[in-house]
Amino acid sequence: NSMVLILSIQHDISTDLVMDWLELHGIPVLRINGDEKKWLFKQVTPEGVFFESQETGDIVNLSECSACWWRRSGIRKEHYYSIDSNNPGGYSDKNIGINSVIPQIISNEVSGLHEYVLSRLKNDIPIQLGNPRMDLNRLVVLDMAKKLGLETPRFEVITNSEQLENAQKAMGGIVTKAIVNGVYDVIGNERYYTYTELIPDDFVTPEVLTPFAPSLVTALIKKQFEIRSFFLDGKFYSMAIFSQGSEETKIDYRIAPPPVEIPYQLPEDIEKKLTELYKQLDLNTGSADLIVDENGEYIFLEINPVGQFGMTSVPCNYNLEEKIANYLTHGTGKCLSSEL
């Protein structure tokens with residue numbers, strides 16, 4: 001069975017573009033979006049993992065797909081079971097004590113099943129792009145990168161205004177970002193994202209001790225330029241981003257398109273260390289963010305396991321959408337149609 005399974009979300013443009021290439025080559029695709037319920041879990045047997053279309057009633061064995069692209073969290077717990085709040089146990093039991101714990105029991109069961117389904121799909125489907133685990137912990141990855149010899153920024157996790165003030169003094173300027181995944185949401189016609197933000201010196205009143213939720217702060221690095229490097233099938237496709245000419249993009253270039261984005265070749269030793277980091281994370285794709293500081297040092301910031309590659313593909317003419325489609329078809333990122 002040559003069907004490609006893509007686990008994504010609605011309105012993901014990169015998914016659409018890769019599917020266009022697969023369609024061009026006549027490869028059938030089954031797309032399951034995490035933010036809709038067109039496909040729901042049906043059954044697990046030794047023969048496979050079965051999902052049912054809520055539109056046609058067709059039942060498909062996902063284990064028989066030839067490739068799986070873990071683009072986003074296409075299968076979520078809501079795809080397995082919906083609890084009826086009026087009858088959480090699914091039967092008429094008058095024992096309120098029992099009924100009060102049944103939703104949690106079902107939730108725990110579904111969590112276990114979900115973990116197993118993801119494991120089965122990763123083991124059963126021969127061609128894998130990405131990994132079921134998409135919630136990389138930024139702090140853990142920074143520690144791993146540092147052990148591999150990559151330069152990383154100083155960071156702290158703080159819980160009150162006094163610690164914030166001390167961090168600002170120690171680092172000379174700090175930014176804040178999410179510890180794990182930031183916000184990436186589409187609600188109606190609006191898109192919502194979180195960015196890296198500079199914390200101004202007068203953000204809090206020093207005389208008043210203000211507690212807040214544990215928050216990540218990182219040293220502000222004075223940079224020459226930034227690098228977004230997409231990794232696929234052992235190869236890096238890197239882009240230099242000259243974002244320092246605008247106040248709007250100095251801290252986070254994603255806020256507005258920087259004026260200059262060009263193809264870039266990372267030094268061989270940086271690529272070797274990043275390759276080992278991807279190996280330790282069990283990832284064969286992703287996007288790494290780095291900064292080249294005023295002294296020419298390469299500073300590693302993070303890896304996005306989903307890999308926002310559209311912003312790199314177009315300015316640098318890398319044609320990554322076709323390379324991904326070919327990987328899902330043949331297990332190689334080489335562009336067969338354009339490089340023969």
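Start by selecting helix 1 and what surrounds it: its buried residues pack against strand 1 (4–8), strand 2 (29–33), strand 6 (67–70), helix 6 (310–316) and helix 7 (320–330). Keep in mind as you click around that this is a predicted model.

**Stop 1: helix 1**

Highlight residues 13–24 to see helix 1 on its own. It has twelve residues and reaches 17 Å from its first C-alpha to its last, close to the 16 Å expected at 1.5 Å a residue. Now color Ser14, Thr15, Val18 and Leu22, the buried residues of this helix. They cover an arc of only 100° around the axis, so they sit on the same side of helix 1. A general point helps here: an α-helix has 3.6 residues a turn, so residues three or four places apart point the same way. Spin the view to the other side of helix 1, and you'll meet Ile13, Glu23 and Leu24, which are exposed. Before leaving, pick Gly26, just after helix 1, where phi is positive at about 75°.

**Stop 2: Leu320**

Next, jump to helix 7 and select Leu320. Is Leu320 buried or exposed? It counts as buried, because its relative accessibility is 0%. Show its surroundings: setting aside neighbours within four places in sequence, Leu320 is in contact with Phe230, Tyr237, Phe309 and Ser313. You can also draw a distance from Leu320 to Gly310: the two are ten residues apart in sequence, and their C-alpha atoms are 7.6 Å apart in space.

**Stop 3: helix 4**

Now select residues 161–171, which make up helix 4. Which residues of helix 4 are buried? Those are Ser161, Leu164, Ala167, Gln168 and Met171. Their arc around the axis is only 115°, which puts them on the same side of helix 4. Turn the helix around and look for Lys169 and Ala170, exposed residues on the face turned away from the buried side. To see what covers the buried residues of helix 4, bring up strand 8 (155–160), strand 9 (174–177) and strand 13 (211–219), which are among the covering parts.

**Stop 4: salt bridges**

Time to look at charges. Side chains of opposite charge can pair when their charged atoms come close. How many salt bridges does a search of the whole structure find? The search turns up 13, and here are some to visit.

- Select Glu52 and Lys42, which form a salt bridge with their closest N and O atoms 3.3 Å apart. Glu52 is in strand 4 (residues 48–53) and Lys42 in strand 3 (residues 39–45), so this pair ties together parts that are ten residues apart in sequence. Lys42 counts as partly exposed, at 44% relative accessibility.
- Go to Arg138 and Glu302, whose side chains meet in a salt bridge at 2.5 Å, N to O. Arg138 lies in helix 3 (residues 138–147) and Glu302 in strand 18 (residues 298–304), so the pair ties together parts that are 164 residues apart in sequence. Both Arg138 and Glu302 are buried.
- Try Lys223 and Glu226, a salt bridge with 3.1 Å between the closest N and O atoms. Lys223 and Glu226 are buried too.
- Finish with Asp12, Arg71 and Arg72, which are linked in a network of salt bridges.

**Stop 5: a nonpolar patch**

For the last view, switch on the surface and select Phe242, Val260 and Ile262, which make a nonpolar surface patch of about 210 Å². Zoom in on Val260, in strand 16 (residues 260–264). Val260 is partly exposed, with a relative accessible area of 36%.

Definitions and conventions:
Residues are numbered from 1 along each chain as its sequence is written. This is a predicted model: local features need pLDDT of at least 70, side-chain atom pairs count only at pLDDT 80 or more; totals for chains, interfaces and linings use all residues. Side-chain values use heavy atoms; hydrogens and water are left out. Patches are made of residues with over 30% relative accessible area and no salt bridge: like charges are joined within 9 Å, nonpolar side chains (Val, Leu, Ile, Met, Phe, Trp, Tyr) within 5 Å. Accessible areas come from the Shrake-Rupley method with a 1.4 Å probe; for residues, only the protein chains shown count as cover. A salt bridge is a side-chain nitrogen of Lys or Arg within 4 Å of a carboxyl oxygen of Asp or Glu. Helices (H or I, at least four residues) and strands (E, at least two) are DSSP runs, numbered from the N terminus. Buried means under 20% relative accessible area, exposed over 50%, partly exposed in between (1.4 Å probe, protein chains only). The expected span of a helix is 1.5 Å times one less than its number of residues. The arc is that of the directions from the helix axis to the C-beta atoms. Contact means heavy atoms within 4.5 Å.
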